[in-house]
Amino acid sequence: MIIDFVRYIRGYVHFKLENGIKERFINLCTSNCVQIWKIKNIPGGIIARCKKKDLNMVCEYAKKSNSQLVIIRKIGLPFIIKKYNKRWGVLIGALFLCFVLIASQNFIWIIEFNGNKNLSQERLISQLSTIGIKKGAYIPAINFRDKQQEALIKMSELGWISFNRDGSKISVEISERVLAPEIMPQTPCNIIAKKTGQIKYMEIYNGECIKKLNDTVCDGDIIVKGETVNKKGGILNVHSDAKIIAQIQQSKSFKIALEQTTREFTGKIKKRRFLDFFGINVPLFLAIKPDKKYELTHESNYISFFKSTIPIGIKTNIYKFYDEQSQTLSVDEARKILQETFLKYEKTELIDCAITEKNTSETLHNGFLFLTTDYVYEENIAKKSALT
């Protein structure tokens, strides 16, 4: 490949030799150190290639061998320069473009995210920009290892993050924080309260219980210690296990506006495009703001050059128009919607709880209906916590 590149820079000629004595032609070239390559026999002659600087000698040896030389193609940089030697504007423009493309590789123009599920791309872009990872940032001045630590401190939702550079594009690999792993049965641990409540029932399977029935515990209080005393009076750390049923009081409220506004999309869509040139957006349309309500989404398409993305492309704003429909709910209709909301809440958040009592009250204020339910329920509040 290196040899082919050098030949392209110096220039070479693809030719055909017809009639004559081809063996004499090849011997003349060899004895006079004229290099020809990719020699291939064809009916009535051969085809081959030679250096640009040897073309005159190749023509002379063709005459000496009574052959006719036909040039098939001239290949390489010298022939391109000769072709455009009177078009200096094109050459200067091409050189300037090459310079701009090379220089642009030192700046961030595209940021891609992989692995984010709950974290939105907008939040990631906003947070990373505060630590210097943003479009237009000078890459050699960025210590990506330090930026990884800053990002982890900035966003507690992250479990791990890395930055991979590909020219002017930064790929951000993300692993979101997951819940602590379940404590294995062999691991010494305490039993703590996961909610505030009054203990009504206990089954202690292992460990030392330090609370009594009807005791009130707060979230995080130790109920069963992961310790036992052996026959010799020594203290052993053990894996505590228990079932702790507590009575819990909780108040939950939901609200709904009596004046409701809904969207009905008309099906009309308008697209407006921008030329994104190194982070500068040039509108390709007349700057007239849509006079109807719309939902806005974005698309971007950038130029790729030898598998590298160049910060030049087209951005498209997509406007989906809709009409707003107003609806006034009666108090009964609003109450029914809130009651359904409470049923969904109980089936999800209180599914493992035994509700013993609930009292609901409602308030109408400033066009909103508020529904509040005071719950009394029983739940197993035992939670395993590793010994520290």
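**Exercise 1. Determine whether tyrosine 319 is buried or exposed, and describe its ring partner and the charge over its ring.**

Solution. Step 1: tyrosine 319 has a relative accessible area of 8% in this predicted model. Residues under 20% count as buried, so tyrosine 319 is buried.

Step 2: the search of the whole structure yields 11 aromatic pairs. One of them joins tyrosine 294 to tyrosine 319, with 4.8 Å centre to centre and 75° between the planes. Planes over 60 degrees apart count as edge-to-face, and this pair is accordingly edge-to-face.

Step 3: tyrosine 294 belongs to strand β18 (residues 294–305), whereas tyrosine 319 belongs to strand β19 (residues 308–328). The pair therefore ties together parts that are 25 residues apart in sequence. Tyrosine 294 has 28% relative accessibility and counts as partly exposed.

Step 4: the charged end of arginine 272 sits over the ring of tyrosine 319, at 5.8 Å from its centre. A further case is lysine 268, which lies over the face of phenylalanine 321, 5.5 Å from the ring centre.

**Exercise 2. Establish the strand order of the open sheet that contains β15, and state which strands stand at its edges.**

Solution. Step 1: the sheet has five strands, in the order β11-β9-β15-β21-β20, with antiparallel pairing.

Step 2: β11 (216–217) and β20 (354–365) each have a single partner strand, so one side of each lacks a neighbour in the sheet; these are the edge strands.

Step 3: within the sheet, β15 (residues 241–257) and β21 (residues 368–380) are joined by 13 bridges and run antiparallel. Glutamine 250 stands opposite tyrosine 375 in β21.

Step 4: helix α8 (residues 331–348) lies across β15, β20 and β21, and runs at about 25° to β21. Tyr375 also belongs to a cluster linked by ring pairs, together with Phe254, Phe342 and Tyr345.

**Exercise 3. Identify which residues have the most contacts inside the largest nonpolar core, and which elements supply it.**

Solution. Step 1: the largest nonpolar core comprises 24 residues, and Ile223, Ile244 and Ile381 have the most contacts inside it.

Step 2: β8 (189–193), β12 (222–225), β15, α8 and β21 each supply at least two residues of this core. The greatest contribution is that of β15, with five residues.

Step 3: leaving aside neighbours within four places in sequence, isoleucine 223 contacts several residues, including Ile191, Ile199, Met202, Val217, Ile244 and Ile381.

Step 4: a second, separate core has 20 residues, among them Ile131, Ile139, Phe144 and Met155.

Technical notes. Residues numbered from 1 in each chain as written. Predicted model: local features only at pLDDT ≥ 70, side-chain atom pairs only at ≥ 80, totals over all residues. Heavy atoms only, no water. Phe/Tyr/Trp six-rings, centres within 6.5 Å; stacked < 30°, edge-to-face > 60°. Helix = DSSP H or I, 4+ residues; strand = E, 2+ residues; numbered from the N terminus. Buried < 20%, exposed > 50% of the residue type's maximum accessible area, 1.4 Å probe, protein only. Lys NZ or Arg CZ within 6 Å of the ring centre and 35° of its normal. Pairing = 2+ DSSP bridges. Contact = heavy atoms within 4.5 Å. Axes fitted to C-alpha atoms, helices over the stretch in contact; angles between N-to-C directions. Core = buried A, V, L, I, M, F, W, Y, C linked by side-chain atoms within 4.5 Å.
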